[in-house]
Each structure stands twice: as C-alpha cells, then as structure tokens.
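Colleague: I've got the model open and would like a close look at one part of it, in one go and in plain language. Let's start with the chain that is written before the other, and you can branch out from there.

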Amino acid sequence: MRHWRHRLLPVAVGLASLALLAAVVELMVRSSLINPFIMPTPSSVFGSFGRLIGEEHGLARLGATAAEVLAASVLITVVGVPVALLLHWRVRLRAAFESWVAALAAAPLVLAYPLFLVLFGRSQLTIVVMAFAAGVAPVILKTVEGFAGVRPVLVDVGRSLRLTPSQLFWKILLPAAIPSIFVGLRLGLIFALLTVTGVEFLINIGGLGHLINELAERYDMPGTYAAITFVVLVSVIFFAILESGERWLARSAR
Amino acid sequence: MTVRGPAMLKIEAVSKRYGYGASAVTAVDNVSFDVAAGEFMSIIGPSGCGKSTLFHVIGGLTGADEGRVSVEDEPVTAPHPAIGMVFQEESTFPWRSVAANVAFPLEVQGVAKRERLERARRFIALVGLKGFENHMPGELSGGMRQRVSIARTLVSEPKILLMDEPFGALDEQTRLLLGEKVLEIQQELKQTTLLITHSITEAVQLSDRVMVMTFRPGRVKRFVEIDLPRPRTAEVMTSDRFGHYVAQIWGDLREEASRGMAAQEERVRTHPGV
Ligand SMILES: Nc1ncnc2c1ncn2[C@@H]1O[C@H](COP(=O)(O)OP(=O)(O)OP(=O)(O)O)[C@@H](O)[C@H]1O
Ligand SMILES: [Mg+2]
C-alpha cells in the first residue's frame, strides 16, 4: 500500500500542478492578460483533441512520428554504443575523434536539412537519418565516459577471478557503465525527438511536425497547440520505455 | 620456533618501479620470502612503502620488473586459480545485491544458482551480515561493504588468501571479531594466508609470522616469528609476550614511519601546493 502511495503521489502532484498551470493560463487569456491571438485558451486546446484525431488523422501522425523516433533511437543505440567501445579500446582513435564527436553534438544539424534532402530524398528516411546524426553524438560521448570511469579495482576483481575478456565486459565493464550510457541515451532521445519534429515541420512530410506546420499556416492555434501536446506525449512514452529498460537491466544484473 | 611446512607461495627477489628517469619510484626493492602451506603471515609497513604494489604482483595483476613469484613452484604470470584476493579499495559491485556480489565468483565458475546462493548465504552470515542479503551495497556502510568483499573472496575457498588491509575501514571491535572469523576459516581450510595491514595488534593477533617493510624503497626489514599459542584468546592477547611482540614491531616500524613522514614533509616543502 505504502509502495503505491510512494509511486502515485508524485504523479498526482505533477498532474495537479499541470492542471493548475492550465487554469491560470486560461484565466490570463480570458482576461486578455495574454494576447488571445497568440495563445489559445487551454480549454480550446483540449477541445481540439477530438478534431485532431478525427479530421487530421492525429493518431496516424503520432504513429508516424513515433516510428521515426523509434527507428532513430534504435540506430543511435546500436551504432553509438559499439562506436564508443571502439573509441574506448583504441586510445589513438579516441584521441583523434573524441573532440569531433563533441563538436557534432553541439552542431545545429537541423539547419543542414537541404543537404540531407539531396542525399536521401524527401522521405522519412531523411528524417530518421538526421535524427540519428543529431542524437548519436551524446550517446558516444557518455558511453566512452562511462567505460573510462569504471573503477580499476572492479576490473582487478574480475581479473583476479580470471574472467574471460567477454565475461569481463558483460559482467563488469558494461554494468558499471550503464548509468552513464543511459544518461547519453536520454540526451540522444531528446536530440532525436527535436530533430524529427523539426525536420517534419521544415520539409512538410511525416507526422506531427508536418501537422503542426499545416495547422499553424491555417492559423488554427488551438489545433497547433493540441498537436504540440501530442509531441509531448510521444516524448513521455519514449522516456517511460527508456526508464523501464534501465530498470529491467538493473534488475537482471542484481 | 614453529616448524614450517613446504613453501606454498614463494617470492624471489621481486622489484617493481613506477615511472622513468629522474621521477622513477622504486616501490618494491628486492623482496624475497616464502609462505608455508597453512601459514598465516602478515606484512606491515608505513603508508606508501609498496605493500599494495607487492600485493598486485603476487596476485598476478601486475608484472614485476625483476624476480619471480611462484605457487607450489609454478611461476605466477597471470592471476592464479589458487589465489583469492581482497582489495584495499572498496570493490563491491554497486549494481549487485549483497547476495549476488558474494555469489559472483561461483557464478563465474558456473555453479548452479541455488547452490551458489546457499553458499553465499553462509559466508554472508559469517561476516555478520545476515539479513542484508537483498540489500544493495549503496545501502550499506563502508565497513559493511568491505565485509561483503571479504565474503566474496572467501566464498570460493581459495587455497591462498591475499588480503590488502581488509579491515582498514572497520572499527576496532568489528576488526577484532572479523579477524577471529577469518582466522577460524583459515584454520579450518588450512589456508595459506598473506595479510597486509597497518595495525600492529592485528598482525600479532592473527599471524604466525610478521614481515616488517622499510619505507622507500620497500625492502624487507625484519621477520618476526609470533610464537604464541592458538587460539589467540583474550588471555593470550593481554599477556606480556603479546605486548613484547607489539613493542618490538613498533620499534622497527617507528623508525620507518618517521622516515616516511619526513619524506612527505620534504616534498611539501620543496613542492609547495602539490
Ligand atoms: N600506478 C602507480 N603509478 C605510479 N606510482 C605508483 C603507482 N602505484 C603506486 N605508486 C607509488 O608506489 C609507492 C608504493 O605504493 P603502494 O600503493 O604500493 O603503497 P602501500 O604500502 O600500499 O601504501 P598504503 O599503506 O598507503 O596503502 C608509492 O610511493 C606510490 O606513490
Ligand atoms: Mg596499499
């Protein structure tokens, strides 16, 4: 019982604060403290959800965005972590490339969308590739940091127990680096999500970003904000998946 | 004089340096000794005299620059299956529960889950952590974590036990009690034990023989046979002879420790701010 209270209470407080904030904004818009042409009332945003799903294929759009984010995230993980391992094992490679990867992490890649359009065409592939390019750098950096930060004495314990190199990796190096790797994955996911919706918005294809662009061009402000809420929903879903993945890994290591 | 059996562990003229040229430090210099089968030997010496370096060399984790280490005449060039090590630094796996930490060596050996957890439980109880099996190391105190790593090394019942200041993080009472426990197992399994410590009483309480090391370069200063009856009861530990051994080792150590402190002061004076 206590357990449930511990888990549900923070969620309840979070939702209540959100509702409170919405109520405050509602009042401010209605009393014209905030310009109603810029900011629709939260109630009208809420009211547009049905329309978005019914008339604008909102759920299909959400699905398209989610699929792109999923594809990019999987790519980021299966490429980022091994590349990081390579950089960790090959000191020269690390010296040669680490600062370039850091530079990549800071680059506003979205702006290079015309180049990617030429390379990959006006398709979801472009979106996925760009999201991958934007999100892979933090995963590489934090994973390298995670492996480099494994305390030498833990490796010594493994060596003294005569672990094979593969046991040493799976049973000591990887679990020790997991917290840092997941920090990288979270950052990578944020970058990927931003890039997916941003590029959809810019090149007018795919899911929610495209929808937001269309609605904004029609000056459908409540619809626009409702679509943005859908983006938040996608991000919440992905963070929940990531978190349960991390918990599952932690449990299986115990 | 106790009669020692054949040598189980042999250290012959081992030297180890760190760094190159002018900044090179000779951590261990021409150290030789044997540990007989079933013997409990302690190494004592001032901080920074090369004890941990020697520990890593004997454990096969670091190569010596000169000399050799052998187990039953078999040279040690990599970690040896007969040797179990307890490290000076905190070494529990923070992502594993206490039980899974202690069962780790058995898991690696492929012992079935049921059996390894059962055996782990026995050693967890032995180091006084019964009831903490499912706790994570992060929920324990530093001393409790150190006991987890001791149990983890004991669980595979190594023929040779190497311990680098394993009781360093413990209070005096726990240290004495745990020392007794380790001794019990050691006697029961007839383990050959090499204990590195900075506690003189601990060395005298537990050992058949104590090796005193000099400060930089780390050399053998003296061997002291501890000719006291076992078990080392409270009576033995308060006897005059016990006190005599403590005083003798302190006499040797005092000289080295003050040289060590002088070296440190010298460094502070010549490199202020380092
Ligand atoms: N990896 C290393 N690189 C360079 N110098 C080292 C290294 N490890 C140890 N040393 C040096 O070698 C000397 C001996 O170190 P060691 O850790 O063996 O001492 P110790 O006797 O175990 O000390 P303590 O009692 O404080 O644990 C020290 O002067 C230390 O500065
Ligand atoms: Mg040491």
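What percentage of the 254 residues in chain A do buried residues make up?

Modeller: Before anything else, keep in mind that this is a predicted model. Buried residues account for 39% of the 254 residues in chain A. The chain has 10 helices and zero strands, so if you read the elements from the N terminus on, you just get α-α-α-α-α-α-α-α-α-α. Taken along the principal axes, the C-alpha atoms of chain A fill a box of roughly 70 × 55 × 30 Å.

Let's go along the chain. In helix α3 of chain A, which covers residues 58–89, have a look at A:V79. Its relative accessible area is 30%, and since buried means under 20% and exposed means over 50%, A:V79 counts as partly exposed. From there, try A:V129, which is 50 residues away along the chain: the two C-alpha atoms are separated by 12 Å.

Next comes helix α4 of chain A, residues 91–106. Its 16 residues reach 23 Å from the first C-alpha to the last, which is close to the 22 Å expected at 1.5 Å a residue. There is a kink in α4(A), though: it is about 40° and is centred on A:F97.

Further on, stop at the loop between α7 (152–160) and α8 of chain A, where you'll find A:R162. This residue isn't a glycine, yet its phi is positive, about 55°. A:R162 is partly exposed because its relative accessible area, 47%, falls between the two cut-offs, 20% and 50%.

Helix α8 of chain A then runs over residues 165–203, with A:I190 in it. A:I190 has a relative accessible area of 36%, so this residue is partly exposed too. Compare its place with that of A:M28: they are 162 residues apart along the chain, and their C-alpha atoms are separated by 31 Å.

After α8 you reach the loop that leads to α9 (208–217) of chain A, and A:N204 is found there. A:N204 is another residue with a positive phi of about 55° that is not a glycine. With a relative accessible area of 29%, it is partly exposed.

Now for chain B, where the ligand shell is. Around ligand 1 you'll find B:Y18, B:A27, B:S47, B:G48, B:C49, B:G50, B:K51, B:S52, B:T53, B:Q88, B:E165 and B:R216. By class, that shell has three nonpolar, six polar and three charged residues. Helix α1 of chain B, residues 51–58, gives the largest share of the shell, with three residues. Zoom in on the side chains here. B:K51 has a polar side-chain atom 2.7 Å from an oxygen atom of ligand 1. For B:S52 the distance from a polar side-chain atom to a ligand oxygen is 2.7 Å, and for B:T53 it is 2.6 Å. Overall, the protein covers 63% of the 630 Å² of accessible area that ligand 1 has on its own.

A few other places in chain B are worth a click. B:M8 lies in strand β1, residues 7–18, and with 7% relative accessibility it counts as buried, because the cut-off is 20%. Its C-alpha atom is separated by 8.2 Å from that of B:G38, 30 residues apart along the chain. B:V182 sits in helix α5, residues 172–189, and is buried, with a relative accessible area of 3%. Its C-alpha atom is 13 Å from that of B:R152, and these two residues are 30 apart along the chain.

Finally, go to the loop between β10 (220–225) and α7 (234–237) of chain B, which holds B:P231. The peptide bond from B:R230 to B:P231 is cis, with omega near -5°.

Key:
Residues numbered from 1 in each chain as written. Chains lettered and ligands numbered in written order. Predicted model: local features only at pLDDT ≥ 70, side-chain atom pairs only at ≥ 80, totals over all residues. Heavy atoms only, no water. Near = heavy atom within 4 Å. Polar contact = N/O pair within 3.5 Å; in protein donor to acceptor, adjacent residues only side chain to side chain. Areas by Shrake-Rupley, 256 points an atom, 1.4 Å probe, with all protein chains shown as cover. Helix = DSSP H or I, 4+ residues; strand = E, 2+ residues; numbered from the N terminus. Nonpolar A, V, L, I, M, F, W, Y, C, P; charged D, E, K, R; others polar. Expected span 1.5 Å × (residues − 1). Bend = angle between axes of the 7 residues up to and from the residue. Buried < 20%, exposed > 50% of the residue type's maximum accessible area, 1.4 Å probe, protein only.
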